[in-house]
Amino acid sequence: MSVDCRSLPVDNRAVSIDISGGYLRYLDVAEATISDLHLTIPAQAWTCILGRSGCGKSSLLRYLAHLLDDKAEWRGELSTQPLCDLKGQIAYMAQQDLLMPWLSVLDNVLLSTRLGANIQTGDRAALKIKAQELLQQVGLADQAHCLPQQLSGGMRQRVALARTLMQDKSIVLMDEPFSALDAVTRYRLQDLAYRLLKDKTVVLITHDPQEAIRLADRLYIMQGKPAFAELLVVPTSETPRRLDAECVVLQQTIMTRLEQDYE
Ligand SMILES: Nc1ncnc2c1ncn2[C@@H]1O[C@H](COP(=O)(O)OP(=O)(O)OP(=O)(O)O)[C@@H](O)[C@H]1O
């Protein structure tokens, strides 16, 4: 029987996900994109996924977020622990920032909360304060009343991150959330996201091996055609990791795997 996680006490909202025998084919393409995919996404931990461009990472995330369109055929087993319906449990940060151009930065961050019609006035004030704090933390307090088109690509990405962090969901799916940021901002926002999402089940897609190594409790590389997922062993050190010699060895392993996949 399927249980709606939202009815569970907050402490029990740690959801883990297992995918077994995942298969994906876009109907207008002869070959499958993904096949024989086995993936374990542990509760309240960061699962990072790397892989060459086009191997199906975003499609996998869209599948988990129930956003695959009807031109895609997905097969395979998905199970959760505790048994529950993932719908409504997921915050999804897409590759494109999807900011509403007519809303201010602050209102974009508040967007998910505006859809809740039953929110009391006092709650709205508290939510606004929370959104302003998040904007402060992502370094955009002064831009709260700007429109998205007044921001750089990296700033827009930070707004999208604040909007994702604003949602109280047990599972957070992020598709290259830090890709448009300079190195220092990226490093800081990795730390911020890590801190603010500590109790969540997080799936992060990235093209940056160092980012994956810093943050991953579990690390997969998608490779092959059709793509499957290989689990790589990560160092036992605490995340977010300082990049030590063990991390460098892992980085080399990742680069070798990625290079092989381009041959
Ligand atoms: N709606 C769609 N219809 C048909 N093919 C699609 C669709 N969406 C994605 N594809 C194809 O499926 C494959 C996987 O795409 P996907 O975006 O999942 O890859 P990715 O690993 O996330 O790539 P990147 O790292 O470049 O973002 C690609 O070949 C892409 O062209």
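Two strands pair if DSSP finds at least two bridges between them. Helices (H or I, at least four residues) and strands (E, at least two) are DSSP runs, numbered from the N terminus. With these two ideas in hand, you can start on the exercises.

Residues are numbered from 1 along each chain as its sequence is written. This is a predicted model, in which local features need pLDDT of at least 70, side-chain atom pairs count only at pLDDT 80 or more, and totals for chains, interfaces and linings use all residues.

**Exercise 1. Strand β7 and its partners**

Task: Find which residue of β7 is the bridge partner of cysteine 48, and work out how β3 and β6 run relative to β7.

Solution:

Step 1. Begin with β3, residues 46–51, which four bridges join to β7; the two run parallel. Cysteine 48 has leucine 204 in β7 as its bridge partner.

Step 2. Now turn to β6, residues 171–175. Five bridges link β6 to β7, and this pairing is parallel too. Here aspartate 175 has isoleucine 205 of β7 as its bridge partner.

Step 3. Check how covered β7 is. A residue is buried if 20 or more other C-beta atoms lie within 10 Å of its own, exposed if 12 or fewer, and partly exposed in between, with C-beta atoms placed from the backbone. In β7 (residues 201–205), five of the five residues are buried.

Step 4. Recall a general point: in a regular strand the side chains alternate between the two faces of the sheet. In β7, Thr201, Val203 and Ile205 are on one side, Val202 and Leu204 are on the other, and all of them are buried.

**Exercise 2. An open sheet**

Task: Give the strand order of the three-stranded open sheet and name its edge strands.

Solution:

Step 1. The order is β2-β1-β4, with antiparallel pairing.

Step 2. The edge strands are β2 and β4, as each pairs on one side only.

Step 3. From one strand to the next, the twist averages 10 degrees. For such angles, axes are lines fitted to C-alpha atoms (for helices over the stretch in contact), and angles run from 0 to 180 degrees between N-to-C directions.

Step 4. Look at one pairing: five bridges join β1 (residues 16–26) to β2. Leucine 24 stands opposite isoleucine 34 in β2.

**Exercise 3. Backbone oddities**

Task: Locate the cis peptide bonds at proline 82 and proline 226, then examine the positive phi values of aspartate 36 and leucine 98.

Solution:

Step 1. The bond from glutamine 81 to proline 82 is cis, with omega near -5 degrees. Proline 82 sits in the loop between β4 (72–81) and β5 (90–93).

Step 2. Lysine 225 and proline 226 are also joined by a cis bond, with omega about -5 degrees. The loop that holds proline 226 runs between β8 (218–223) and β9 (228–232).

Step 3. Aspartate 36, a residue of strand β2 (34–41), has phi near 55 degrees, a positive value in a residue other than glycine. Aspartate 36 counts as partly exposed because it has 15 C-beta neighbours inside 10 Å.

Step 4. Leucine 98 is not a glycine either, yet its phi is positive, about 55 degrees. You will find leucine 98 in the loop between β5 and α2 (105–109). With 14 C-beta neighbours inside 10 Å, leucine 98 counts as partly exposed.

**Exercise 4. Isoleucine 90**

Task: Decide whether isoleucine 90 is buried or exposed, and list its contacts beyond its neighbours in sequence.

Solution:

Step 1. Isoleucine 90 belongs to strand β5. It has 20 other C-beta atoms within 10 Å, so isoleucine 90 is buried.

Step 2. Two residues are in contact if their C-beta atoms, placed from the backbone, lie within 7 Å. Leaving aside neighbours within four places in sequence, isoleucine 90 is in contact with Leu64, Ala65, Lys169, Ile171 and Leu173.

**Exercise 5. Around the ligand**

Task: Describe the shell of residues around the ligand by number and class.

Solution:

Step 1. A residue is near a molecule or strand if its C-beta atom, placed from the backbone, lies within 6 Å of it. The ligand is surrounded by 14 residues, and the closest are Tyr26, Ser53, Lys57, Ser58 and Ser59.

Step 2. Helix α1 (residues 57–64) gives the largest share of this shell, three residues.

Step 3. Ala, Val, Leu, Ile, Met, Phe, Trp, Tyr, Cys and Pro count as nonpolar, Asp, Glu, Lys and Arg as charged, and the others, Gly among them, as polar. The shell has three nonpolar, seven polar and four charged residues.
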